[in-house]
Amino acid sequence: MRLSNIKNWSREQQQTAAILVGLLLMCIALGIWYYQEQVNKQSGKALQTAIESIAATQVNAVSHSLGSLKQDLQRFTEREALMQAIAQQQQGTIRSFMSSLEKTFPQAISIRIIPRGEAKLDRDHPAPIRFTELEKITRAENHQPLTIEANKVDNRWQFNLIAPIPHDQAQQPVATIMVTLPQETFAELLGEANPSTGQFELLQKFDRNPEQSILQVGSGEGAHSVIQHIPNTLWQLRFSPSLATLKVAQLSLLPFISIWVLASALILTGAYQLCRRYLMYERPAAAGPANITAEAFDQSIREYQRQHGSKTLQDILNIEVEEEDHELLDGPMPRKPKPETKPEASAKLKSPAAIAKSSSAVPEEVFRAYDIRGIAEQFLSPEFIQKLGKALGSEALDQGENAMLVGRDCRSHSPEICDNLIKGIISTGCNVIDLGVVPTPLLYYACHVLSASNSGVIVTASHNGPEYNGFKMVFNRNTISDQGIQYIKQRVQEGAFTTGDTAGQVQQQDISTEYINQIFSDIALAGDITVVIDAGNGATSEIAPRLFEELGCKVIPLYCEFDGSFPNHPADPSREKNLQDLIKAVQKNRADVGIAFDGDGDRLGVVTPQGKIIWPDRQLMLFAKDIVSRNPGTDILFDVKCTRQLNSLISSYGGRPIMWKTGHSLMKAKMQETRALLGGELSGHIFFKERWFGFDDGMYSAARLLEIMSLRDQDLDTIFSSFPELPSTPEIKIEVGEEEKFRIVNDLISHGHFEDGRLTTIDGLRVDFAHSWGLVRASNTSPALTLRFEANTEAQLAQIQELFRSELARIAPSVSF
């Protein structure tokens with residue numbers, strides 16, 4: 001009840017109510033109209049867009065899978081050795097290639113190499129050649145485009161991949177390869193389809209003929225189905241969403257209702273305030289008792305107060321007076337006391353002492369940019385390792401995993417560290433799959449292929465000396481870095497651990513055979529290759545010789561025995577002095593190539609028959625040329641330490657060069673962001689996304705190098721002589737304190753005198769001049785500064801080094817350069 005309405009309450013109430021009801025009806029009408037004309041249509045469009053997006057994603061997945069199959073076949077059609085063997089009828093070599101083809105396509109019904117002009121009808125074969133296949137073989141022999149189609153043989157679908165030998169259109173084909181794949185391959189093409197989203201149906205349609213259903217996955221509502229064509233095939237994909245997908249894809253009414261309610265409330269509130277002011281202040285004069293004057297009204301109030309004491313009319317009527325009506329009462333406006341605010345009962349703040357206590361066993365120094373690493377005896381106590389295991393197990397459970405994969409390298413303290421780590425993990429209720437002693441790439445591989453878990457951790461300090469150890473961590477197939485590692489550190493410090501009702505279980509599993517078989521099915525080598533393998537007594541000591549022997553190489557092992565003290569040389573192929581024994585062994589045995597791995601097998605070093613070291617940025621030149629030739633326009637990543645020749649070479653190949661920060665996990669994250677097919681660092685980390693999983697793997701990178709070498713029928717010295725090489729330094733490391741290295745780099749960026757240079761500061765300081773460039777950055781794996789220089793001439797190389805030397809001496813005079 002409002003004091004200002006007392007005199008004419010009934011009439012004012014009626015007038016106000018009429019206006020408000022009218023406005024409310026108008027808001028309802030406008031809301032219904034807007035819903036019909038806009039929300040309904042937008043919801044329909046959003047639903048259609050979502051359905052088409054799901055279908056397009058699956059079409060792209062099918063196209064990508066077909067493209068991968070074609071690329072696998074094309075690798076054979078590009079081989080000069082196969083073309084010569086067919087032309088000269090070298091049956092032994094042809095059989096060798098056929099064996100490699102069978103390993104590449106183990107599911108194939110039939111694989112045939114058909115010399116040019118010799119294709120004939122063969123209707124009784126399990127993979128028959130009929131007039132349709134004859135026509136396609138003829139088109140392949142004339143380098144004409146081919147369309148993939150499915151054929152039904154004995155009530156089972158199959159399809160053919162057909163390609164000319166050689167694939168180069170500038171050369172006349174000498175033969176055709178025809179690979180016939182079975183019905184199960186269609187299921188693999190739709191392998192990424194999620195049946196819960198709806199029904200995916202693979203169709204084949206010839207011109208005006210009725211469509212044929214090849215395969216169905218899932219179930220859905222046909223009323224909202226869409227059909228999309230799969231490029232370079234006669235196939236279509238029909239997608240019918242499920243009821244669950246329809247509910248998710250449709251626009252929610254909640255935002256519309258919320259906005260309508262808010263808008264209506266604002267309109268009605270505004271109208272009410274206007275009505276109240278108008279009726280109170282601008283009421284027309286009327287005869288009778290209602291037309292009392294203000295003076296008479298005030299006199300009545302004073303008289304009433306004289307008779308009843310100091311009570312106000314507000315007290316007597318027990319009404320609430322708004323502040324703007326206070327002047328009518330001619331008295332003070334009472335204020336309600338503010339309620340006392342109390343802290344939330346759930347907000348329990350830790351005292352500084354409690355925080356210090358929880359952090360007491362957590363060494364800050366070991367949490368680096370892309371892993372956890374430090375001197376084992378000094379920093380990696382059993383208490384800290386178990387806490388770390390608890391944090392990792394808790395995080396894995398939070399991310400929906402029920403197990404973690406755990407591996408280790410061969411350092412002397414790795415078994416004990418691994419045991420304590422596993423104790424921490426299983427204490428959370430998370431299970432552990434123990435992979436044993438494995439290179440880091442095998443942990444990455446296991447995270448991609450094992451159904452039990454996509455997350456894991458490996459105990460390793462990579463290329464660091466025997467006194468070091470550490471941890472590389474993967475969650476949902478992504479190697480964590482920067483913020484992810486800081487988050488794990490925070491969990492350890494705060495004790496944010498899950499406690500399982502029962503401890504997790506530990507299970508041992510050997511992944512090495514599966515890993516070797518997968519590379520064996522992907523890599524095909526022609527001819528005999530002699531390779532010297534220097535494992536540096538690290539984690540690749542056993543598996544690397546096995547892998548390359550399986551690939552058909554003659555392997556000469558060098559330091560291929562587990563020894564975590566690394567007695568022969570540090571397991572770091574990025575340092576020239578560590579490759580001297582490999583150079584001697586290659587030359588002594590007249591090997592075709594020498595390959596070296598670091599302590600955990602994710603870096604690669606390469607030596608040619610003449611004993612020349614092929615630094616990883618030059619390896620990238622060859623890998624980029626190979627990959628861009630099949631994938632024009634693709635992104636190629638390289639780190640700030642690499643030669644600037646890569647930029648122009650990748651562009652000339654038709655790729656897009658991207659310079660990025662050094663660090664294996666940082667590079668992998670950037671590759672995911674850009675969808676690059678290749679990345680690499682000067683340190684030897686090479687990342688293949690084409691035909692592989694995108695993680696850094698020294699052994700797989702070496703296998704790809706041997707494949708290119710055998711394809712070209714050239715030795716490595718000849719192959720790399722075609723790429724430009726400028727005078728440059730290897731990585732130069734200057735030992736400084738952990739904290740000091742960052743300060744020096746920051747001061748150099750702020751106060752260095754490089755007036756004519758172009759500064760790049762994404763990782764340290766790189767300065768590019770017209771004829772040279774130099775780099776200084778803080779190492780993320782050791783207490784050191786990392787430097788590298790390159791120039792057009794030796795004199796300019798000395799000049800750029802002297803410039804950086806003088807600037808560093810000015811910025812940090814206490815450091816010896």
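**Notebook: pockets, cores and cavities**

I began with the second largest pocket, where α1 supplies the largest share of the lining, eight residues. The model I am reading is a predicted one. The volume of this second largest pocket comes to about 710 Å³. I counted 26 residues in its lining, and K70, P145, L146, I162 and H167 lie nearest the centre. Besides α1, the elements α4 (131–141) and β3 (156–165) each give at least two residues to this lining. By class I have 11 nonpolar, 13 polar and two charged residues there.

Next I looked up the largest pocket, for which I have a volume of about 2,000 Å³. Its lining holds 46 residues, and H64, S68, E192, W692 and F693 are the closest to the centre. Which elements give two or more residues to this lining? I listed α1 (9–77), α3 (91–104), α5 (184–189), α14 (440–449), β14 (478–479), α16 (512–522) and α21 (664–674). The largest share again belongs to α1, which here provides nine residues. I sorted the lining of the largest pocket into 15 nonpolar, 20 polar and 11 charged residues.

Then I turned to the overall figures. The protein has 25 helices and 29 strands. I found 50% of its 817 residues buried. Of the contacts with a separation of 6 or more, 67% join residues 24 or more positions apart.

I went on to the nonpolar cores. In soluble globular proteins, nonpolar side chains tend to be buried together. The largest nonpolar core here has 84 residues, and the members that touch the most others are Y515, I533, F548, I595 and L678. Helix α22 (residues 698–712) contributes the most to this core, eight residues. I took F548 for a closer look and left out residues up to four places away in sequence. The residues that F548 touches are V531, I533, C553, V555, I595, F597, M699, A702, A703 and L706. I also noted a second, separate core of 49 residues, with L66, L69, M98 and L190 among them.

I checked the cysteines as well. How many disulfides does a search of the whole structure find? The search finds zero. I looked at two cysteines for burial. C430 has a relative accessibility of 0%, so I entered C430 as buried, the cut-off being under 20%. C447 is also at 0% and is therefore buried.

Last came the enclosed spaces. I found five cavities of 30 Å³ or more. The largest cavity holds about 160 Å³ of space. It is lined by 22 residues, of which Y370, R603, K641, S683 and T781 are the closest to its centre. Is the lining of the largest cavity mostly nonpolar, or polar and charged? I have one nonpolar residue there, against 12 polar and nine charged.

The second largest cavity holds about 60 Å³. I listed its lining as R75, E78, R79, D626, R630, R691, E707, I708 and L711. Both α19 (616–630) and α22 supply at least two of these residues, and α22 has the largest share, three. Seven residues of this lining are charged, two are nonpolar and none is polar. I closed the entry with a note that α22 appears in two places, as the helix that gives the most to the largest nonpolar core and as the source of the largest share of the lining of the second largest cavity.

Key. Residues are numbered from 1 along each chain as its sequence is written. This is a predicted model: local features need pLDDT of at least 70, side-chain atom pairs count only at pLDDT 80 or more; totals for chains, interfaces and linings use all residues. Side-chain values use heavy atoms; hydrogens and water are left out. On a 1 Å grid over the protein atoms alone, a cavity is a set of points where a 1.4 Å probe fits but cannot get out, and a pocket is an open set with protein on both sides within 12 Å along at least five of seven lines; lining residues have an atom within 4 Å of a point. Grid points are joined across faces, edges and corners, and a volume is the space filled by probe spheres set on the points. Helices (H or I, at least four residues) and strands (E, at least two) are DSSP runs, numbered from the N terminus. Ala, Val, Leu, Ile, Met, Phe, Trp, Tyr, Cys and Pro count as nonpolar, Asp, Glu, Lys and Arg as charged, and the others, Gly among them, as polar. A nonpolar core is a set of buried Ala, Val, Leu, Ile, Met, Phe, Trp, Tyr and Cys residues joined through side-chain atoms within 4.5 Å. Buried means under 20% relative accessible area, exposed over 50%, partly exposed in between (1.4 Å probe, protein chains only). Contact means heavy atoms within 4.5 Å. A disulfide is a pair of cysteine sulfur atoms within 2.5 Å.
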